[in-house]
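Q: Could you walk me through this protein with me asking whatever comes to mind? I am still new to reading structures, so plain sentences would help.

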Amino acid sequence: MAVIGGGQAGLSMSWYLQRAGVDHVVLERSEAFHAWKHERWDAFTLVTPNFQCRLPEHPYDGEEPEGFMRREQILAWLDRFMEKLDPPLHEGVTVTRLRAGEDGGFVLQTDEGVLHAEQVVLCVGGYHRPWAPPAVERALPQGIHAVHSNAYRSPSALPDGAVLVVGTGQSGAQIAEDLHLEGRDVHLCLGDAPRVARRYRGKDVVTWLEEMGHYDLTITDHPEGNAARREANHYVTGRDGGRDLDLRAFAAQGMHLHGLLRRIDEDGVAHFDDDLAERLDAADATYDRINEAIDRYIEAQGLDVAEPPSRYTPVWTPPPGPPAPLDLRAAGVTSVVWCTGFRPDWSWVELPFLDDTGYPDHVRGVVERVPGLHVLGLPWLHTWGSGRFAAIARDAEHLSAHVVTRASLAVAARAA
């Protein structure tokens with residue numbers, strides 16, 4: 001069988017397949033853990049505590065379970081996993097086409113030739129192509145350096161001058177902070193991502209949520225159902241031991257906050273929606289709502305917690321009146337960092353496995369419409385931890401059992 005993708009999902013699947021004695025190959029178009037090595041900025045840290053790092057039989061093995069590994073520490077931890085695994089990994093092999101075989105199974109066209117497999121596990125995530133709003137991207141004045149979040153490295157790697165950061169998901173908020181801490185003049189255009197406290201009532205909020213069973217909530221039990229898969233992640237940071245990311249505080253320190261970037265006209269003037277206050281309020285409301293859930297849990301469990309409940313108090317509010325446009329040249333903007341997300345690209349998979357939203361149609365990784373096809377490592381594959389270090393091993397173990405059963409049945413059928 002074939003596992004496509006050599007990140008944490010594909011290599012976790014390989015771990016369980018090896019132990020079950022299933023003959024397989026792992027095909028990786030670049031190198032193992034490519035995204036961790038080449039698509040994270042220099043000051044990147046985890047946003048969830050180290051104790052949630054759980055690859056198969058390879059939990060976090062450092063001395064700071066409540067801390068947040070930096071990029072180089074993550075890579076060292078992943079290298080130690082690879083030493084334990086020794087997978088049948090083929091790096092530098094791109095699968096350009098996946099289709100059904102004429103006599104069953106699958107045909108994989110690669111840049112190294114054709115392979116045949118009875119089963120396939122797609123472990124390529126769902127974030128394939130960096131995306132920026134096309135009309136706005138095309139309208140950027142000539143000479144402004146533009147980079148997507150996956151190619152951003154550090155403030156010093158950008159030209160001198162002000163920086164426009166577009167989007168406030170986890171990457172956007174953290175990159176804006178990275179630039180701000182280096183003294184860069186930052187203009188930040190807000191998106192619709194919510195935020196979460198780093199610590200509340202004596203514990204990291206992720207620790208509370210894990211105790212509350214939040215990370216075990218399945219997509220089928222989620223109040224929003226499959227719509228939860230399209231929600232933006234909450235922004236927070238693990239930098240310098242972890243802290244809140246409060247955009248209002250950044251504004252009070254001189255960062256320029258704007259509403260949604262609507263357009264850039266031919267004169268290089270950016271225009272924004274009049275929704276800055278609304279977006280800040282919505283993010284803060286989620287912050288408070290999560291803390292209130294923790295309060296209810298503490299009360300229901302009868303826990304003795306010294307730190308009392310609290311609510312966020314805004315430290316800055318937008319000035320009244322409509323948003324002023326921003327003349328990029330006059331403001332000294334020399335760079336734009338697009339933190340506007342990614343789009344999936346399944347065009348190379350010539351199989352009827354997508355639902356009407358373009359998302360793989362599966363049940364806990366099993367694509368029932370295409371027997372023998374599986375997916376792993378997607379956000380909310382099964383729980384909130386799916387696709388992250390928190391639950392990838394659990395998902396891989398469950399899916400591998402299905403793969404092994406199917407392989408055993410195929411062997412028995414051939415022998416009959």
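Q: Let's start with β6 and β7: how many residues lie between them in the hairpin, and which residue in the turn has a positive phi?
A: Keep in mind as we go that this is a predicted model. The hairpin that β6 and β7 form has five residues between the two strands, and in its turn G104 has a positive phi of about 100°.

Q: And how do β6 and β7 run, and how many bridges join them?
A: They run antiparallel, and five bridges join β6 to β7. As an example of who faces whom, V95 stands opposite T110 in β7.

Q: What comes after β7, then, and through how many residues is it joined?
A: A second hairpin leads from β7 to β8 through two residues. Strand β7, residues 106-110, is joined to β8 by five bridges, and these strands run antiparallel. Looking along them, you will find V107 opposite H116 in β8, and Q109 opposite V114 in β8.

Q: In which order do the strands of that sheet come?
A: The order is β6-β7-β8, three strands that form an open sheet with antiparallel pairing. Because β6 (95-100) and β8 (113-117) stand at the edges with a single partner strand each, one side of each is left without a neighbour in the sheet. On average, neighbouring strands of this sheet are turned by 20° against each other, if direction is ignored.

Q: What actually holds strands together in a sheet?
A: As a general point, the strands of a sheet pair through backbone hydrogen bonds, and the pairing can be either parallel or antiparallel.

Q: Back to the loop between β7 and β8: which residue is found there, say one you could point me to?
A: D111 is found in the loop between β7 and β8. It is partly exposed, with a relative accessible area of 45%, a value that falls between the cut-offs of 20% for buried and 50% for exposed. If you compare D111 with E31, the two are 80 residues apart in sequence, while their C-alpha atoms are 15 Å apart in space.

Q: Changing topic, which strands form the parallel sheet, and in what order?
A: Five strands form that open sheet, in the order β5-β2-β1-β9-β22, and the pairing is parallel. The edge strands are β5 (89-91) and β22 (373-375), each of which pairs on one side only. From one strand to the next, the twist averages 20°.

Q: Take β1 and β9 in that sheet: over how many bridges do they pair?
A: Strand β1, residues 2-4, and strand β9, residues 120-122, pair over three bridges in the parallel sense. Within this pair, I4 stands opposite L122 in β9.

Q: What about helix α1, how far apart are its end C-alpha atoms?
A: They are 19 Å apart, and this agrees with the 18 Å that the 13 residues of α1 (residues 8-20) should span at 1.5 Å a residue. Just after α1, G21 takes a positive phi of about 75°.

Q: Is α1 largely enclosed by the rest of the structure or largely open, and why?
A: It is largely enclosed by the rest of the structure, because 10 of its 13 residues are buried. Among the buried residues in α1 are L11, M13, W15 and L17.

Q: Which residues other than glycine have a positive phi, for instance F33 and what else?
A: F33 has a positive phi of about 55° although it is not a glycine, and R201 is another such residue, with a phi near 50°. F33 is found in the loop between β2 (25-28) and α2 (34-38), whereas R201 has its place in the loop between β14 (199-200) and β15 (203-204).

Q: Are those two buried or exposed?
A: F33 is buried, with a relative accessible area of 3%, and R201 also counts as buried, at 9% relative accessibility.

Q: Last topic: how many residues line the second largest pocket, and which lie nearest its centre?
A: The lining has 22 residues, and L257, L276, P318, P319 and P323 lie nearest the centre of the pocket. About 350 Å³ of space lies in this second largest pocket. The residues of its lining divide into 13 nonpolar, five polar and four charged, and β16 (256-258) and α8 (276-301) each supply at least two of them.

Conventions
Residues are numbered from 1 along each chain as its sequence is written. This is a predicted model: local features need pLDDT of at least 70, side-chain atom pairs count only at pLDDT 80 or more; totals for chains, interfaces and linings use all residues. Side-chain values use heavy atoms; hydrogens and water are left out. On a 1 Å grid over the protein atoms alone, a cavity is a set of points where a 1.4 Å probe fits but cannot get out, and a pocket is an open set with protein on both sides within 12 Å along at least five of seven lines; lining residues have an atom within 4 Å of a point. Grid points are joined across faces, edges and corners, and a volume is the space filled by probe spheres set on the points. Helices (H or I, at least four residues) and strands (E, at least two) are DSSP runs, numbered from the N terminus. Ala, Val, Leu, Ile, Met, Phe, Trp, Tyr, Cys and Pro count as nonpolar, Asp, Glu, Lys and Arg as charged, and the others, Gly among them, as polar. The expected span of a helix is 1.5 Å times one less than its number of residues. Buried means under 20% relative accessible area, exposed over 50%, partly exposed in between (1.4 Å probe, protein chains only). Two strands pair if DSSP finds at least two bridges between them. Axes are lines fitted to C-alpha atoms, for helices over the stretch in contact, and angles run from 0 to 180 degrees between N-to-C directions.
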